[in-house]
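Visitor: Hi! Could you walk me through a structure today?
Guide: Happy to. Here it is.

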2 protein chains.
Amino acid sequence: MTIAPLKNEPSSRDRILDVAEELFARRGYSGVGMKEVADGVGLGKSSVFHHFKSKAELYAAVCIRILARIEDRFVRSLAAGGTPAVRLDRCVGDLLDVLAEHPTHARLLLRSMFEDDDLPDDGPEGRAVYEAVGGILEPFSSLLKEGMSAGEFRLASVSHVMLLLIGPIVFPFASGEFGQQVLGKDVFDAAQVRRLKSELLDLVRVGLHAPSAE
Amino acid sequence: MTIAPLKNEPSSRDRILDVAEELFARRGYSGVGMKEVADGVGLGKSSVFHHFKSKAELYAAVCIRILARIEDRFVRSLAAGGTPAVRLDRCVGDLLDVLAEHPTHARLLLRSMFEDDDLPDDGPEGRAVYEAVGGILEPFSSLLKEGMSAGEFRLASVSHVMLLLIGPIVFPFASGEFGQQVLGKDVFDAAQVRRLKSELLDLVRVGLHAPSAE
DNA sequence: ACTCATTCCGACCGATCGGTCGGTTGGTCG
DNA sequence: CGACCAACCGACCGATCGGTCGGAATGAGT
């Protein structure tokens with residue numbers, strides 16, 4: 001069957017994506033050579049170019065796969081019911097969980113925001129990335145608006161609050177050695193993740209809560 | 001006078017640092033070539049190598065200059081009196097101001113956390129960076145502890161809260177086009193900076209405040 | 001006038017970059 | 001069987017990488 005590679009062994013394409021994700025997260029787009037990726041997979045360089053016709057396309061594919069994983073969990077978490085406050089709590093927590101489970105994600109995500117030069121912004125891959133990001137930001141924005149008009153969150157500029165909130169969610173898991181140095185322990189250690197999550201949720205809950213009305 | 005270049009014209013060395021800072025912030029360490037830096041300054045490549053003996057040293061010099069600027073403002077802001085809550089408010093605000101005044105700073109700072117591979121961690125420059133970071137983190141940590149034991153802030157893990165707070169402070173000004181897309185306007189526009197600052201201070205004030213005691 | 005250090009440059013080095021090319025497998029069809 | 005095709009490879013391309021070297025200016029000190 002050519003249409004169903006239902007084997008347990010991951011395809012070469014997936015293994016290339018895995019290796020590339022790890023390397024791009026650690027050293028950035030221009031810090032990684034295609035030879036390095038190929039060696040990591042155990043293939044020749046030209047074989048990598050057989051699966052992805054350019055470095056930019058490989059990078060875009062890595063980003064899209066990550067965004068898809070995050071979007072998937074995020075919208076599922078958002079779809080589950082509850083008041084805006086409950087839903088915010090749950091989906092911020094779930095977001096942290098995804099980032100904690102895949103140590104490469106936060107870093108690569110942050111990097112891809114900086115290196116927009118590298119991405120072929122106009123190509124179809126750039127479009128896909130753009131849509132995936134929108135698929136995450138838009139429902140989040142709606143949730144905040146909903147909570148404010150329901151009187152659960154204090155009134156504030158939704159876009160500014162969103163931009164602010166992305167920081168503490170993504171940064172800790174992207175900080176790598178720096179974060180380890182601050183905490184004294186591995187950021188991805190289960191106990192640290194739990195601690196980080198509880199502190200962040202405390203901060204968000206109280207920081208966004210409407211002051212007078214309950 | 002060889003020891004006092006007190007002219008108004010910036011020295012070649014400083015102009016190299018300026019150009020390199022701009023480029024490193026936009027494209028990262030390995031995304032920038034020494035030729036590019038030299039062209040930006042209007043010098044030959046070998047002239048740049050006359051002032052900085054390697055690319056890594058140039059990068060470290062850029063980082064140190066930025067950290068020094070931030071540390072300077074930060075410790076000055078911290079030294080001024082007031083209760084812990086007042087001092088936290090003021091120095092977070094001042095921190096935002098520095099980052100807003102120099103659009104390259106936040107991005108380069110974040111990048112340098114990711115690219116610890118590129119920095120010669122064991123060399124004297126690496127040491128200088130390390131100390132500059134410590135010079136900022138340590139007084140901040142002390143401030144938080146002080147506020148907690150004084151009962152002004154709610155009790156929490158100082159290190160985790162610190163790691164969390166760095167996110168919303170640095171990220172918005174590092175987000176570049178992404179931030180612009182979220183806000184709909186330039187992140188470094190004076191009005192947006194004001195808005196961002198007020199939202200962040202609201203969030204921090206309420207989010208860290210002790211719940212019961214006043 | 002002679003020296004000496006600073007600043008700058010063009011030419012060059014070996015290595016590596018992203019990417020191409022021609023060709024060889026091995027498996028799946030008709 | 002022969003045709004086809006995805007997967008893979010080694011060899012190679014021009015360009016660029018970080019870095020070196022010898023020398024040409026310039027100016028201050030003596």
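Visitor: Is the crossing of H5(B) and H8(B) left-handed or right-handed?
Guide: The crossing of those two helices is right-handed. Keep in mind that this is a predicted model.

Visitor: At what angle do the axes of H5(B) and H8(B) cross?
Guide: Roughly 20°, and the axes come within 10 Å. Angles under 35 degrees count as roughly parallel, so H5(B) and H8(B) are roughly parallel to each other.

Visitor: Which residues meet there?
Guide: From H5(B) you have B:Val92, B:Leu95, B:Leu96, B:Leu99 and B:Ala100, and they meet B:Ile169, B:Val170 and B:Phe173 of H8(B). By class, that contact has 8 nonpolar residues, no polar ones and no charged ones.

Visitor: Let's switch to the DNA. Which residues come nearest to strand D?
Guide: There are 16 residues around DNA strand D, and the nearest are A:Gly44, A:Ser46, A:His51, B:Lys45 and B:Lys55. Of the strand's atoms within 4 Å of the protein, 50% belong to sugar and phosphate.

Visitor: And what classes are the residues in that surface?
Guide: The surface near DNA strand D has 10 polar, 4 nonpolar and 2 charged residues.

Visitor: Which side chains have an N or O atom by a phosphate oxygen of strand D?
Guide: Two examples are A:Ser12, at 2.7 Å, and B:Lys55, at 2.6 Å. B:Met34 uses a backbone N or O atom instead, 2.9 Å from a phosphate oxygen.

Visitor: Which helix gives the most to that surface?
Guide: H3(A) does, with 4 residues.

Technical notes
Residues numbered from 1 in each chain as written. Chains lettered and ligands numbered in written order. Predicted model: local features only at pLDDT ≥ 70, side-chain atom pairs only at ≥ 80, totals over all residues. Heavy atoms only, no water. Near = heavy atom within 4 Å. Polar contact = N/O pair within 3.5 Å; in protein donor to acceptor, adjacent residues only side chain to side chain. Nonpolar A, V, L, I, M, F, W, Y, C, P; charged D, E, K, R; others polar. Axes fitted to C-alpha atoms, helices over the stretch in contact; angles between N-to-C directions. Parallel < 35°, antiparallel > 145°, perpendicular 65-115°, else oblique. Left-handed = near helix turned anticlockwise from the far one by under 90°. Contact = heavy atoms within 4.5 Å.
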